[in-house]
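Here is a friendly note to help you find your way around a new model. Please keep the viewer open as you read.

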Amino acid sequence: MFGFSLKRAARNWRLFAATLVGVLIASTLFASSNVGANAILSEMMNETLEDVPVDMIYRFPTWYGLLANTSQLYNLRQIIESVPNVVRTENIVAHRNSSTMNSGEIYTFGIQANSSFYDRITILDGDTSLSANETYIVVDSASIENYPIGSNYTIQYEIVLEYPDPELLVNVSLQVVGHILIDEHTERSLIEPMGYGYNFYADLIWRYTSCFIVDHEQTMLPLLDSAEALNNSHRCTLEPKTYIYLDRAALINPYDIQGSLQSINQLGYQISNALPDEYGDPWSLRNYLADALNLFVGLSEVHRMTFLQVSMPVFFVAFYMGITLNDVTFSRRRREVGLLLTKGFTRSQITSMFIIESVLIGFVASGLALGLSFLVVPFFLGIGTYTLLNPGLLGFDTIFLTFSFGIVLAAFSTYFPAKRAAQIPTAEAVREYTLAGEPVGYRKLLTWTLLILGAYKLAVWILGINVMEIMTGMMFTNPVFAILLGIWSVVDTLLGFWAPLFFFYGFSMVLIKGSDRFYRYAEGAIRRLLGSLGGLAAHNIRRRPGRTAAIVFIGALLVGYSVQTVGTLATSQDFTVRSVFAEVGADIKVSTRHPENVTYLLPLIRGIDGVRGAASLHDFYVSTAMGQIQAYAINVSEWREVAYFEPEWFSGVPAPIALDALASDNHSIILEYLRAENMGLKIGEELSIFPSSSAVSLTILGLFGPKPEQMSILPFWSEWLAEQTYSFVSLELLIELWSNVTSTGNILISLESPQDNNAVIEALEAYTDIISIESSVDILDEYNTSILLNSRDNMTRMGVLFAFILASVGTVVVIYLTLRERRTTTALMSARGTTYGQTVVMLMAESLTMICLALLVGLFVGFIVLYGVVQGGAGTSIIPQLVVPRFMPAPYVISVLLQIGAIIGLLLLFTLIPILIEARNARYDVSVLR
């Protein structure tokens with residue numbers, strides 16, 4: 001049977017090529033999804049590991065009488081380094097002073113003289129080495145102005161004695177001998193994590209922190225030894241730590257994260273078990289590398305699921321197109337079926353033969369798809385060839401899944417057509433001009449269910465109903481009702497993805513394949529337009545309801561998917577740009593070391609070439625009857641010319657009116673919306689603030705910020721959420737309250753052109769009073785050039801292209817094979833005087849009627865889905881969000897319409913090509929009339 005199937009496949013290679021193309025396209029997308037996911041995850045892994053500068057940190061216990069000394073720290077390193085796959089260790093002793101109003105937290109780190117940290121430290125001025133009781137200060141420190149070279153800095157640490165003995169405070173004077181600059185890697189290594197995982201915002205921590213570096217051996221170790229020498233010492237605020245660096249190349253395989261995580265956890269257990277009891281318990285070892293990998297495991301699974309989700313419509317099209325193509329193919333092979341039946345083949349053998357042929361097709365297509373994926377992935381995902389050359393990308397799981405997918409897709413898309421073909425009566429099968437019967441029925445219950453579910457979700461999107469919000473409000477009424485609502489909420493969520501597919505399939509089956517009324521209307525319309533040729537075209541359409549329904553389904557799904565995808569990409573890009581500008585506040589935002597610096601920096605910044613304007617922005621907190629509120633103090637006239645804001649963010653009173661009123665009334669406020677709602681305050685009422693013991697009344701001029709309907713929140717969150725946004729007051733009010741509040745000074749800058757960004761930033765970096773610079777242009781450039789951040793969008797674009805190719809190929813092949821079946825009829829018409837133009841018109845009427853219907857349905861559903869997705873995304877945030885997604889954002893409307901128009905135009909072109917070719921061939925191919 002296998003050999004016979006192979007022979008038949010070779011003889012009918014043209015027919016098999018059509019099915020092969022469909023399976024090949026779908027398999028290539030599947031393989032590309034897996035290869036691309038592996039490549040992206042490899043890049044993500046490298047980036048994740050770069051964000052973890054230290055693999056493990058062991059904190060030596062400084063309580064319960066276990067204070068460390070020099071020999072113990074040395075022995076500790078020797079023990080840890082004896083564990084396999086530990087590359088090196090180094091000791092650091094850290095100390096943190098209490099927080100103060102002026103300089104924030106003050107950290108002092110004792111670093112070994114031979115530490116690798118010095119490779120990342122740049123000495124700007126002062127001594128090139130440290131001696132005992134000497135220190136460097138990081139230039140970005142908040143207290144840098146208080147510690148010039150030659151000044152003294154006092155470190156005060158505590159030795160807690162056993163009860164009832166008092167604490168012993170020890171003061172050590174250190175001389176500042178140099179200013180240094182440290183990179184982000186060193187910041188993240190020294191300023192240890194706050195909570196779970198590394199502090200990924202270490203680059204901004206210096207606004208509130210000062211950092212001093214001393215010599216580990218000459219300064220810190222003597223302090224530890226003196227503390228440990230006190231026999232009754234109980235605890236010391238000096239914290240010795242051992243930084244542990246592992247052999248990452250031996251432990252981590254980016255294509256086997258679970259195995260890598262297991263190896264790293266086992267190594268952590270080995271290190272803990274190797275330590276003697278006097279070195280504390282296993283909880284003293286913090287495995288940051290394992291923490292990062294645990295977080296990465298979850299992100300990687302989400303990433304893979306995202307890639308598969310993007311590919312699902314294409315797989316469905318491939319499956320449905322495969323069924324349609326096989327119906328056409330087996331119809332053309334009906335005489336072969338009849339001859340096999342007369343030779344003694346059973347119908348089950350014929351079905352098995354067809355399935356074996358499809359398995360061969362799936363096997364060949366899968367092999368080709370694996371090769372093509374390495375050409376597709378670099379083009380769409382921007383992955384370099386150096387990454388793709390890694391053999392781990394094409395692991396056994398990828399190869400196995402790709403071949404399984406291709407073979408299963410080919411076999412399943414063949415099974416039902418093969419079964420129908422094998423059931424053709426022998427007498428009918430051997431007749432030359434009898435068309436194989438096409439199933440005119442369909443599973444009505446299933447089809448109607450899918451159509452109703454799809455139509456329900458489309459109606460929800462059209463009406464803008466927030467189903468989740470309704471269900472959340474009703475879920476606490478009755479336990480049984482809550483369970484039912486929970487089940488329905490899951491169904492509603494799943495329909496968010498499957499509704500278009502359900503609707504298109506149900507529409508094509510119910511309206512086209514199973515409705516005589518539709519064909520009567522279509523025939524009447526075509527007759528009125530084209531006369532007798534139109535009537536003949538309508539009759540031909542009616543003869544093939546299954547193929548007609550397939551063309552409508554594939555075309556509608558392609559157009560709907562394209563509209564949804566292209567529109568969503570435009571919405572996503574618009575949302576990203578607006579979010580970045582809203583977060584920064586303008587083109588550029590700079591933060592000053594002290595709020596007083598803003599006054600003299602403003603005119604200097606306005607004089608920089610490329611700067612269009614600059615405005616001050618002071619943020620501070622002030623108490624009210626219901627807790628603190630964050631306020632921005634602005635010079636209204638300057639701020640509105642420079643800052644990025646959207647009028648929709650203001651409510652109650654239009655933004656221009658509210659801002660004009662704020663400029664004219666110093667004792668007024670534009671209050672945050674949720675805060676006003678929680679307090680029950682309205683526009684025109686008074687809000688009392690308490691900057692000191694006496695209250696200050698502010699008139700509420702307007703409201704600012706997201707409204708509750710823009711967020712999917714529970715009532716008890718509203719107070720916390722209100723603290724995440726801000727209100728506006730005038731700069732004059734802040735000046736009035738200056739001595740009673742603590743503020744930070746910022747300057748917003750607008751540029752003449754985005755091209756001026758680099759030059760302006762370079763000029764700003766010359767001012768030492770500026771401690772941080774945020775640029776919207778730089779953030780967007782980083783986003784646009786990041787392979788990782790754009791992977792989903794790039795994968796989506798690849799899915800659209802593959803869906804277009806697949807739908808185009810399917811449409812061309814179905815139309816071409818259908819016309820080939822009717823070549824005898826077309827040739828007879830030509831012989832009886834039908835011109836080439838009339839033949840083309842008739843064939844076009846048949847195909848374009850269904851294609852145009854598919855385009856209309858696809859456009860209608862596509863825009864509804866896009867609208868629903870955008871509106872849903874605008875109301876599902878659990879945190880206050882000023883920027884919400886917009887449906888068909890104005891800057892991208894023309895681009896979206898052009899892309900959709902190009903897809904429609906190409907689909908129409910691919911529909912016309914087989915018509916023109918077959919009309920010409922049938923006119924001159926008189927051999928079919930013999």
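The points below go from the whole chain to single residues.

1. A word on the source: this is a predicted model, in which local features need pLDDT of at least 70, side-chain atom pairs count only at pLDDT 80 or more, and totals for chains, interfaces and linings use all residues. Residues are numbered from 1 along each chain as its sequence is written, and side-chain values use heavy atoms, with hydrogens and water left out.

2. Overall make-up. The chain holds 31 helices and 21 strands; these are DSSP runs, numbered from the N terminus, with helices being H or I of at least four residues and strands E of at least two. Of its 930 residues, 53% are buried, where buried means under 20% relative accessible area, exposed over 50% and partly exposed in between (1.4 Å probe, protein chains only).

3. Surface and contacts. The chain has an accessible surface of about 41600 Å², and carbon and sulfur atoms contribute 60% of that; the areas come from the Shrake-Rupley method with a 1.4 Å probe, and for residues only the protein chains shown count as cover. Among contacts (heavy atoms within 4.5 Å) with a separation of 6 or more, 81% join residues 24 or more positions apart.

4. Where do I244 and I271 touch the most other members? They do so in the largest nonpolar core, which has 135 residues. Such a core is a set of buried Ala, Val, Leu, Ile, Met, Phe, Trp, Tyr and Cys residues joined through side-chain atoms within 4.5 Å. Leaving aside neighbours within four places in sequence, the contacts of I244 include V54, M56, I80, I271 and L285. A second, separate core has 25 residues, among them V642, A655, A658 and V883.

5. Nonpolar side chains also appear outside. I462, L463, I465 and F860 make a surface patch with about 410 Å² of accessible area together; F860 belongs to helix α30 (residues 836-873). Patch members have over 30% relative accessible area and no salt bridge, with like charges joined within 9 Å and nonpolar side chains (Val, Leu, Ile, Met, Phe, Trp, Tyr) within 5 Å. A salt bridge here is a side-chain nitrogen of Lys or Arg within 4 Å of a carboxyl oxygen of Asp or Glu.

6. Two threonines are worth a look. T19 sits in helix α2 (residues 13-50) and is buried at a relative accessible area of 6%. Leaving aside neighbours within four places in sequence, T19 contacts L325, N326, T329 and I361. Its C-alpha atom is 8.4 Å from that of S358, although the two residues are 339 apart along the chain. T351, in helix α10 (residues 347-381), is buried as well, at 11%; beyond four places in sequence, T351 contacts A418, K419 and A422.

7. How many disulfides does a search of the whole structure find? The count is 0, using a cut-off of 2.5 Å between a pair of cysteine sulfur atoms. As for single cysteines, C211 is buried at 0% relative accessibility, whereas C852 is partly exposed at 39%.

8. Finally, check the backbone at two loop residues. Most residues other than glycine have a negative phi. N85 has a positive phi of about 70 degrees; N85 lies in the loop between α3 (70-81) and β2 (86-97) and is partly exposed at 35%. M888 has a positive phi near 50 degrees; its loop runs between α30 and α31 (893-924), and M888 is buried at 17%.
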